[in-house]
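Got your viewer open? Load the model, switch on a cartoon view, and keep the selection box handy. We'll go stop by stop.

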Amino acid sequence: MCPFEPYRDKARRSSGLRRPSRKDSQNDDGDADAIALRSALEYGVSAEDLCRLMQLRGIGVRERIDELYGDLAGLSMQLLASPSRGLDESAQELQKRQETFGKNVIPMKKPKSFMQLMLKALREPTLIILEVAAVVSLALAVWNVFRPGADNGTESYEWIEGLAIAIGVLIIVLVSASNDYGKEQQFRALQARVQEEHKISVIRQGQTVLLPVQELLVGDICQVKYGDLIPADGVVLQSQELRLDESSLTGESDPVRKNPDNDCQILSGTHVIEGSGRFLVLAVGVNSQTGAIYKLLGAVKDGKTKDKVPNGITVPAEDEDGSASTEDSIDLPLHGPSARKSVDQQRKQTNHSVFQSKLNILAYKIGILGFIFSAATSLVIIIRFCVQNYAIDGNSWKSQDATTILDSIIVGITILVSAIPEGLPLAVTLTLAFSAKKMMQDNNLVRHLYACETMGCATTICSDKTGTLTTNRMTVMQAWFGGEIYDPLPDVKAASQNVLKIVGTAVAVNCNYTSDVIPAKDGVPQEHRGNKTECALLSFVSSLGTDYHKVRRMYPEGSLLKVYTFNSGRKSMSTVVEIPGGWRVFTKGAAEIIVSKCRFMLTESGSLLECSDASQMVTNSVISLMTNSALRTICIAYKDYLLNTDDVDSLPNVEKVSCQPDFDDENSIISNLTCLCIVGIEDPVRPEVPNAIRQCQRAGVTVRMITGDNIQTARSIAIKCGIIAPQDDSIVLDGRQFNVMIRDSNGQIDPGRLNSVWPKLRVLARSTPEDKFTLVDGIINSRISKHREVVAVTGDGTNDAPALRKADVGFAMGIAGTDVAKEASDIILTDDNFISIVKACMWGRNIYDNVAKFLQFQLTVNVAALSVAIVSACAIGDTPLKAVPMLWINMIQDTLGSLALATEPPGEALLKRKPYGRKKRIISRVIARNILGQGLYQTVVLLLMLFLGPYYFDVHEERQIGHVVGEPTFLYTMIFNCLVMMTSFNLINARCIHNEVNVFQGIQRNLYFLILWTVMVVTQVLVVQFGGYVFSTQPLTLDSWMICLFFGFGSLLWYHVLRLIPVRRKSAKKSRLF
């Protein structure tokens, strides 16, 4: 009989459940309730029971265990696990356990394949227009070959137009898919390196074995020690000063002590920073805390039934109308809005950034305008032909007239091709690809290309504190040695070397020997191992010249006579060591407590003072000053016991004894101490952060700090960072106050109340993940600002993941960031440096500006081509700008132009302008003026050539209404070449979108631009001189080339004329076009 069978019987009786019949099993196969039923009968507790248990926090977990199972041992027995022997089961039984409670693997969604990325790119609105144009163009080419009256003896090249468009679309799709695929592979490789060879010590069948974390099962007894990453959720069974770093979940930098009697809960994703212990595994894989967050992020492979969030929580299933049913929803820390697909989440999932949405709207409007003008032009030509042919000439209908009417329609399609900016999608893709590569050099690993340009619109950065604004490394910031407070710390070397030596020894000996500081080496930053506060003290004494490793070798851990370990009651730690002729007691702890136990003080000069009344002065003047700066104060003291000697009387702070004191009498031992120093410790602000935040503020980007730390520390850090100023009207709130202010009487979030809070809110302390998500969601969906806010969120912890996913751009830390945070992010900061966010903002604005420059460049061509095509079609029934030459301009010349403008490097001037925002349109009035002005110049020049050219060049060409197909002409080649030359010189003008005076400023720094501009001109020469029928061109003479170059250079002069036209208006609503 199984030794756990009595507990199974007890579980059956207490639950009141009957054993399911075979029929029940067949009916309920695959049903979650049936699985839970069978689990409860087999093990005495179901997976869902354990999930509900792990939802509780703190001491509530232990209280529920005592209520339901008696104690921790009772819970272990319900799981058929022995606290001493672990799981004592066969391989078959272990497999059955895994099927019941799950595997410690999170089934991640497979990344999109290259083909899926290509299909996604093909669905972009601007590409769909090109795809339709390619199909129509190829269809018309086939029609022109087989239409009535077609010249079968002449070889047709009209298929080239459709093929060229199709090739252009293919290039765009390949470039876009390649970039997305490459970035995803980089990210997966980054994750794989972290997850390799992660193993955990487990007790099975009474033996300690090292297992891969993927093989961990519910019921396993795990042994953890310093440095271990917790791989599953559970409860502590045994603890030896076990402390965990839960900052990745809660944002709190303080270590959390775990023991079986009080806070026994252990969550996956946390780190052991001190001590050791054993814990019972209760939740693995998708049921663990890490799995819960992955599920909420949508990163877990979907099941066939409705989604079940880990920790036993069922996400509200969406109804057919998209609304979420709340019938089965249960509250948990990471739930709520993130469980529903908001408009912004859907936008991010389809990779439609703020900027791309603007481009799609712009392309749509251009397409509509082009269609209207092309349809109107074809209609005018048809009406003109009918009036001339039937009304004036009196001709009757002939079959060839249908061909003439179709030719008129082809003219309209050519105009539509002229209007559509075919090069725009490729220009945007190339700009993003080039910028993403450059951003990697600035420590920004771009996972999603759309995040690049979105940062150019960012108006708000919601930043985590721990590890983002601060170093996540406790550091001694101030020190007091009986005189003045030293700040900065290097000045403490002015103190007596004797005092510094005693302080160094006190810290080295009276800290856990597991605490250690690994120096920076070969680009790897300094690492703190063990208790963060003790590591700060060890770094401090190292900076004073003490080699604490040498001191510890002098006083091995085994030689320590007595250690009074730190606990919440005494709030101090003391260690007794043997010295020549006696014993010495070192003490460190909360300053106000230790100072009250001091009778003497050593001054910085080394002299001894009796401080009968000085303790209150020290508390008021020293400790209070440090506390007001949000520093944690620690006092270091000592006491000597010496055996009777002749010179004992000359040492007033030495206690004379005749034998070894009773070191078990703690109150007597830790009294009449001599104060050595008081230090102030904090997690310091990264040195580059204040300047980075000032740059953001000058750029019009508001930085908000969201942290789980207390409000006093958060306020102090915010002031040091420059997020708030002492006298400004910024709001600093904690999570409780925030929720009171934004919720109505029913406890629901009121958008109106939230809108009254967030504009001035700069610091949100003691915040939960839901608070952070609520704030980010509220800012994004708020409509009270002029152009609506674009929000970037930074974070490194698991608790940041929902907000990272919700934000327009999510930044995760590459070094300190958790896998969950990286999975939720759009950009990974490979150096964990806030200044890299400023660089990302600069690159985003540079992308925005470069695409705006390209739009100014290409739309000018389109305005000129569209105007000339419409006027010429209506006037002479034909257009001098044929489809293939126009495609050459839009696809090839404009591609080279986009590359030239995409390589424009960012400058500091980008951060001296306000952000564009969500609703601010991309075509500014300056850009619109330049487009229309240069378009007018090019249109006038081309129309003068069209109508006056035959007389000036002595060219006589026959023109027919609706005539499209024919041999290339000299005049039409001149018009085409003149347009390209004006376009090429206007590319230099296009570098200026903010009314700059010098169009050549900084051009020498961009070698790419100079090379590509030269390539544009050279390729145009080759096309004109050797293009022939394919490009509808004839070779030009030197005089003709000089005329074209003259008009091209005139574009540069015309720009300065346009600058004289004012563009500013008082009406804010009309400050943008398109």
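Start by selecting strand 4 together with strand 6 (residues 265-266): the two run antiparallel and are joined by 2 bridges. Two strands count as paired if DSSP finds at least two bridges between them. Strands here are DSSP runs of E with at least two residues, helices are runs of H or I with at least four, and both are numbered from the N terminus. Show the side chains and you'll find valine 235 opposite glutamine 265 of strand 6.

A word about what you're looking at: this is a predicted model, in which local features need pLDDT of at least 70, side-chain atom pairs count only at pLDDT 80 or more, and totals for chains, interfaces and linings use all residues. Residues are numbered from 1 along each chain as its sequence is written, and side-chain values use heavy atoms, with hydrogens and water left out.

Stay with strand 4 and add strand 7. Strand 4 covers residues 233-245, strand 7 covers residues 271-283, and 10 bridges join them in antiparallel fashion. Pick valine 236 and look across to strand 7, where its bridge partner is phenylalanine 279. Now add strand 5 (residues 256-257), which pairs with strand 4 over 2 bridges, again antiparallel. Here arginine 243 stands opposite arginine 257 in strand 5. While the side chains are on, keep in mind that in a regular strand they alternate between the two faces of the sheet.

Next, the charged pairs. A salt bridge means a side-chain nitrogen of Lys or Arg within 4 Å of a carboxyl oxygen of Asp or Glu, and by this rule the model has 23 salt bridges.

Select glutamate 48 and arginine 52: their closest N and O atoms are 3.4 Å apart, which makes a salt bridge. Why are they about one helical turn from each other? Because they sit 4 residues apart in helix 4 (residues 47-55). Arginine 52 is partly exposed, at 41% relative accessibility. For these labels, buried means under 20% relative accessible area, exposed means over 50%, and partly exposed is in between (1.4 Å probe, protein chains only).

Move along to helix 5 (residues 59-69), which holds both aspartate 66 and arginine 62, 4 residues or about one turn apart. They form a salt bridge too, with 2.8 Å between the closest N and O atoms. Is each partner buried or partly exposed? Aspartate 66 has 32% relative accessibility and is partly exposed, while arginine 62, at 15%, is buried.

Now jump to aspartate 640 and arginine 584, whose side chains meet in a salt bridge at 2.5 Å, N to O. This pair links distant parts of the chain: aspartate 640 belongs to strand 21 (residues 632-643) and arginine 584 to strand 18 (residues 582-590), with their positions 56 residues apart. Both residues are buried. As for bridges that share partners, Glu48, Asp49 and Arg52 are joined into one network, so select those three together if you'd like to go back for a look.

Helix 20 (residues 532-543) is the next stop. With 12 residues at 1.5 Å each, it should span 16 Å, and its end C-alpha atoms are 17 Å apart, which agrees; the expected span is 1.5 Å times one less than the number of residues. Since 9 of those 12 residues are buried, the helix is largely enclosed by the rest of the structure. Among the buried ones are Leu537, Leu538, Phe540 and Val541. At the N-terminal end, asparagine 531 acts as the cap, with a side-chain oxygen 2.9 Å from the backbone nitrogen of threonine 533. After the helix comes glycine 545, with a positive phi near 100°.

Which residue other than glycine has a positive phi near 65°? Select asparagine 995, in the loop between helix 35 (970-989) and helix 36 (1007-1026). Asparagine 443 also has a positive phi, about 70°, and lies in the loop between helix 16 (423-441) and strand 10 (444-446).

Finally, colour by pLDDT, the predictor's confidence in each residue from 0 to 100. The chain's mean is 78, and 78% of its residues reach 70 or more. Over residues 962-966 the value is below 50, and it stays under 50 over residues 1066-1074 as well.

Definitions and conventions:
A polar contact is a pair of N or O atoms within 3.5 Å; within protein, one must be able to donate a hydrogen and the other to accept it, and residues adjacent in sequence count only if both atoms are side-chain atoms. Contact means heavy atoms within 4.5 Å.
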